[in-house]
Amino acid sequence: MSNLLFPESQPSWEDNNPINILPVSSNVVNIALTGAKSELQKFFASPTALEKLDRVFDITDPSAAHILIENSAAGIFEQIPHLQIVNDAAMNGAQGAFSQATNTIYLSDSLVRGDSLKVQEVLLEELGHKFDTLLNPGGDTSGDEGELFKQVVLGLPLSDPELLRIHTEDDAGTIIVDNQLIPVEQSYNSVVTSSPGFTKTRGGWTDNNNYPRLTGDVNGDGSADIVGLGYTDVYVSFGNTNGTFGDPIASSPPLTKTLGGWTDNNNYPRLLADVNGDNMADIIGFGYNDVFVSLSNGNGTFGSAIAYSIGLNKNVGGWTDNNNYPRVAGDVNNDGKADLIGFGYSDVFVSLSGN
């Protein structure tokens with residue numbers, strides 16, 4: 001059995017790049033590899049490393065476990081599975097995957113274009129799948145042993161429900177590379193962190209009634225974006241394909257507290273929907289007398305608000321608040337444009353979008 005996992009001097013990713021990714025992605029992968037090596041060395045140097053490994057894996061080859069601990073604790077990393085980056089569609093929704101048949105860790109293209117810490121976590125998870133083949137040759141530890149290994153290495157807390165999920169999860173799957181179906185054990189991105197500035201401590205968004213945050217595709221690229229209705233401005237963060245969001249763009253349609261008097265979202269609700277069929281979400285606001293629409297410009301800003309009197313407001317129809325009499329939007333007649341639906345006291349009302 002060969003000793004494990006990283007070469008003593010990791011060559012530049014550009015020197016062994018199977019698919020010509022962007023230099024920034026190469027740098028992300030190299031940083032992640034270095035970080036993973038550091039975390040593994042710390043983990044295996046712990047006097048409880050064997051005990052922790054035994055909690056993660058079905059160890060049927062104890063000698064392999066001792067070799068793994070001894071070499072890794074000393075910083076001896078002689079072999080790593082091949083790394084290959086493939087497009088997201090080929091990964092079937094996974095961010096990372098390990099194939100014993102090809103001795104390869106596969107990473108999704110969108111993953112390596114993002115944060116190096118996230119790549120590091122995925123690498124640790126896939127290396128957990130690799131270790132399982134060494135410690136439990138011919139078998140497969142039940143559940144998602146790769147995810148559990150990552151959690152244990154990083155010292156992340158696990159609740160009982162999370163632990164039960166991991167122990168009962170089926171991590172087997174397939175990906176398609178070079179027109180070949182490859183069996184893998186894989187990791188999915190259940191939670192992605194991003195900091196575009198729409199939270200209590202990043203921007204002062206104290207609550208969603210006063211400063212609502214909505215989601216919708218405002219630029220027509222097929223990805224949902226964040227739209228935040230702030231004190232004076234409306235902010236948009238475009239969605240990236242890896243679950244993160246870009247920097248906010250400010251726009252000033254009069255649909256905020258100080259621009260229009262939209263004091264809160266229960267009395268004067270605002271929502272997102274494509275009302276004109278251009279595949280970009282627009283802002284709809286239910287004011288005191290009128291319904292206002294601010295059309296998306298496609299660049300993160302919105303046009304001036306247009307007023308309509310359709311009878312779904314406080315003073316026109318008696319829609320006192322959105323909690324008792326909610327209003328939503330959806331295409332009810334399949335013309336590609338969102339219509340307004342109001343849930344009144346006795347009836348449901350629909351106002352069709354105009355031409």
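In what order do the four strands of the open sheet that contains E6 and E9 stand, and is their pairing parallel or antiparallel? The order is E6-E7-E8-E9, and the pairing is antiparallel; here two strands count as paired if DSSP finds at least two bridges between them, and the element numbers follow DSSP runs from the N terminus, with helices being H or I runs of at least four residues and strands E runs of at least two.

Before I go on, please keep in mind that this is a predicted model, in which local features need pLDDT of at least 70 and side-chain atom pairs count only at pLDDT 80 or more, whereas totals for chains, interfaces and linings use all residues. Residues are numbered from 1 along each chain as its sequence is written, and side-chain values use heavy atoms, with hydrogens and water left out.

To return to that sheet, its edges are strand E6 (213-216) and strand E9 (249-251), each of which pairs on one side only, and the twist from one strand to the next averages 25°. Inside the sheet, strand E7 (residues 225-229) runs antiparallel to strand E8 (residues 234-237) and is joined to E8 by four bridges, with Leu229 having Val234 of E8 as its bridge partner.

Let me turn to the helices. Helix H3 (residues 62-73) and helix H5 (residues 116-135) have axes that come within 8 Å and cross at roughly 135°, where axes are lines fitted to C-alpha atoms, for helices over the stretch in contact, and angles run from 0 to 180 degrees between N-to-C directions. H3 and H5 are therefore oblique to each other, given that angles under 35 degrees count as roughly parallel, over 145 as roughly antiparallel, 65 to 115 as roughly perpendicular and the rest as oblique. On the H3 side the contact (heavy atoms within 4.5 Å) is made by Ala64, Ala65 and Leu68, and on the H5 side by Phe131, Leu134 and Leu135.

Next come the later strands. Strand E11 (residues 282-286) and strand E12 (residues 291-294) pair in the antiparallel sense over four bridges, and they form a hairpin with four residues between them. Phe286 has Val291 in E12 as its bridge partner, and Val291 in turn has Tyr308 in E13 as a bridge partner, within the antiparallel pairing of E12 and strand E13 (residues 306-308), which extends over three bridges.

A further open sheet has three strands in the order E14-E15-E16, again with antiparallel pairing. Strand E14 (327-330) and strand E16 (348-351) stand at the edges with a single partner strand each, so one side of each is left without a neighbour in the sheet. Neighbouring strands here are turned by 25° against each other on average, direction ignored. E15 and E16 pair over four bridges, and the partner of Phe343 in E16 is Val348.

Finally, the second largest pocket is lined by 18 residues, of which Val275, Val293, Tyr308, Ser353 and Gly354 lie nearest its centre. The elements that give two or more residues to this lining are E12, E13 and strand E15 (339-343). A pocket here is an open set of points on a 1 Å grid over the protein atoms alone, where a 1.4 Å probe fits, with protein on both sides within 12 Å along at least five of seven lines, and lining residues have an atom within 4 Å of a point.
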